[in-house]
Amino acid sequence: MKGYSVVIFILFLSLLASCKKEENPNNDSEIRDRYFNLEKIGWKSRSYTQVVDDIGFTAIEVPIQYFLLKSQGIENLSHVDSLYEANKRERVIEFIFQQDEEKDLLNQDFTGLDYTNSVKYMSFGLDKDFYVVTSKKDTILCSGINYERNYKIAPFQKVLLFFSGIDPNDKIQLIYNDYLFKKGTLKFKFKDPFTPVAL
């Protein structure tokens, strides 16, 4: 009986050894690693800031792949390549407003509006103040905006700006006509288009 158990155990081990490990089709650890490392490839260094009086205006072009990954969630990573193909003519720009002494910029002292109307303007009126000029001299209006309200927790105000129909190889310049803080027209030139990041 003891020899029988040993033979069964050896057969079991040989069976395990001979079985080729099946690849998990849902194994997306490589894509997950790229997702978490995408911020470190230098796109945050493509930040352009202009300071007018005591307010800093910062524009950062976000790689569309990173935005797609972030918005889709890491559960849906397998569809990122097809999503990129469908959205490669889109541009996303993170735009940050920050006062030197970290005061709340939506106060009436800065905007001339009461706080509620300042929030409404950031949410629903700011998109009309932005447009992009391409290196081919096309003017692209802002197609949407997402105001990331921080409820006075962070010392800045941030919006995501969306632009459509731009050649992925085209250089762009962001133009901001500041009607909220009345600081004039600001221009942010992104020198090079993003090289697509293989996911």
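**Exercise 1.** State how many helices and strands the chain of this predicted model contains, and what share of its residues is buried.

*Solution.* The secondary structure of the chain consists of six helices and nine strands. The model is predicted. The chain has 199 residues, and 37% of them count as buried.

**Exercise 2.** Determine which strands stand at the edges of the open sheet formed by S5, S4, S8 and S9.

*Solution.* Step 1: the order of the four strands is S5-S4-S8-S9, with antiparallel pairing. Step 2: strand S5 (139–141) and strand S9 (184–190) each have a single partner strand, so one side of each lacks a neighbour in the sheet, and these two stand at the edges. Step 3: on average, neighbouring strands of this sheet are turned by 25° against each other, direction ignored.

**Exercise 3.** Describe how strand S4 is joined to strand S8.

*Solution.* Step 1: S4 covers residues 130–134 and S8 covers residues 172–178; the two run antiparallel and are joined by five bridges. Step 2: for Thr134, the bridge partner in S8 is Ile172.

**Exercise 4.** Decide whether Gln157 is buried or exposed, and identify the polar contacts of its side chain.

*Solution.* Step 1: Gln157 lies in strand S7 (residues 157–163). Step 2: the relative accessible area of Gln157 is 4%. Buried means under 20%, so Gln157 is buried. Step 3: the side chain of Gln157 makes a polar contact of 2.6 Å with the side chain of Tyr147 and one of 3.5 Å with that of Asp104. Step 4: leaving aside residues up to four places away in sequence, Gln157 also touches other residues, including Phe95, Leu106 and Met122.

Note on methods. Residues are numbered from 1 along each chain as its sequence is written. This is a predicted model: local features need pLDDT of at least 70, side-chain atom pairs count only at pLDDT 80 or more; totals for chains, interfaces and linings use all residues. Side-chain values use heavy atoms; hydrogens and water are left out. Buried means under 20% relative accessible area, exposed over 50%, partly exposed in between (1.4 Å probe, protein chains only). Two strands pair if DSSP finds at least two bridges between them. Axes are lines fitted to C-alpha atoms, for helices over the stretch in contact, and angles run from 0 to 180 degrees between N-to-C directions. A polar contact is a pair of N or O atoms within 3.5 Å; within protein, one must be able to donate a hydrogen and the other to accept it, and residues adjacent in sequence count only if both atoms are side-chain atoms. Contact means heavy atoms within 4.5 Å.
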